[in-house]
Amino acid sequence: MIELFAIAEYPGPPLPALAPLRAVRAGSLAAICAPAEGVKVTPEALWRHEQVVEALMEDRDLLPVRYGTLVDDDAAAVRAVDARRDELSAALDRVRGAVELSVRAVGDPEDGDGEAAGGRGYLRTKMRSAAAQESVTLSLHKPLAALARADMRRSPRPPSELLRAAYLVDRDAIGAFTRLVARLDDRHPGLQLLCTGPWPPYSFAEA
């Protein structure tokens, strides 16, 4: 049994020494894998998997494979790649030269005396508040999306989160993107913008 970490082009740079990795060739692609150490999900196993994928990302374009993807042997890995060759090649082209950056915008929920306003007044206040929050969210998201190759907004976690999004950013644009996040943070003193990454492009390249 072997564990898959990523799909990349073949041949590629030398593999990092974080695990007994090998690249199983499947035509112009490779399944980067290592012997499976077990099927039990633990924080340590998850962190090890992520460390390996991030190390691979340092010097190659890749499609990260979700933790826990196991196949019987090298031949099974080749068959898995061959079955999705066109899809994987297109996905690899989409993320070539780019990484994922994540941004969250967190702020205190607005205070309001909805009960005192009565039922209709409360609903109007809520609608105005929702519209105002979406306006602020778009004022953050649109300039960030303009710097990204692709973006993906996720449902924010109420009550304090206004934006939760992932952006596919060219490697040479990471500095410009993070500086923009800092400027937007300065322009919105009531919010805190949190930018993390670069990450492997999980949100844009499901493998």
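Throughout this tour, a contact means heavy atoms within 4.5 Å. Keep that in mind as you click around, and remember that the model is a predicted one.

**Start with the whole chain**

Show the cartoon and colour by secondary structure. You should find five helices and nine strands. Going along the sequence, the order is β-β-β-α-β-β-α-α-β-α-β-β-α-β. The chain has 207 residues, and 38% of them are buried. Switch on a surface for a moment: the accessible area is about 11,400 Å², with 54% of it belonging to carbon and sulfur atoms. Back in the cartoon, look at how the chain meets itself. Of the contacts with a separation of 6 or more, 74% are between residues 24 or more positions apart.

**Select the nonpolar cores**

In soluble globular proteins, nonpolar side chains tend to be buried together. To see this chain's version, select Leu4, Ile7, Leu63, Val81 and Val95, which have the most contacts inside the largest nonpolar core, a set of 23 residues. Now colour the elements that each supply at least two residues of this core: strands β1 (2–9), β2 (22–26), β3 (29–35) and β8 (161–170), plus helices α2 (74–83) and α3 (85–95). Which of them gives the most? That is α3, with four residues.

Next, select Leu140, Ala165, Tyr167 and Phe177. They are among the 19 residues of a second, separate core.

**Zoom in on arginine 48**

Go to helix α1, residues 43–57, and pick out arginine 48. Is this arginine buried or exposed? It counts as buried because its relative accessible area is 19%, and the cut-off for buried is under 20%.

Show what surrounds arginine 48. Leaving out residues up to four places away in sequence, it touches Glu3, Phe5, Ala19, Ala34 and Glu37.

One of those neighbours deserves a distance label. Glutamate 3 forms a salt bridge with arginine 48, and the closest N and O atoms are 3.4 Å apart. Glutamate 3 sits in strand β1 and arginine 48 in helix α1, so this pair ties together parts that are 45 residues apart in sequence. Like its partner, glutamate 3 is buried; that goes for both residues of the pair.

**Move on to other salt bridges**

How many salt bridges are there to look for? The count comes to eleven, so here are two more stops.

First, select aspartate 93 and arginine 96. Their salt bridge has its closest N and O atoms 2.4 Å apart. Aspartate 93 is partly exposed, at a relative accessible area of 48%, and arginine 96 is also partly exposed, at 29%.

Then jump to arginine 153 and glutamate 134, another salt bridge, where the closest N and O atoms are 3.5 Å apart. This pair links distant parts of the chain: arginine 153 is in strand β7 (residues 150–153) and glutamate 134 in helix α4 (residues 114–146), 19 residues apart. Arginine 153 is partly exposed because its relative accessibility is 37%, and glutamate 134 is partly exposed at 35%.

For a last selection, go back to Asp93 and Arg96 and add Glu9. Salt bridges that share partners join Glu9, Asp93 and Arg96 into one network.

Notes
Residues numbered from 1 in each chain as written. Predicted model: local features only at pLDDT ≥ 70, side-chain atom pairs only at ≥ 80, totals over all residues. Heavy atoms only, no water. Buried < 20%, exposed > 50% of the residue type's maximum accessible area, 1.4 Å probe, protein only. Areas by Shrake-Rupley, 256 points an atom, 1.4 Å probe, with all protein chains shown as cover. Core = buried A, V, L, I, M, F, W, Y, C linked by side-chain atoms within 4.5 Å. Salt bridge = Lys/Arg side-chain N within 4 Å of Asp/Glu carboxyl O.
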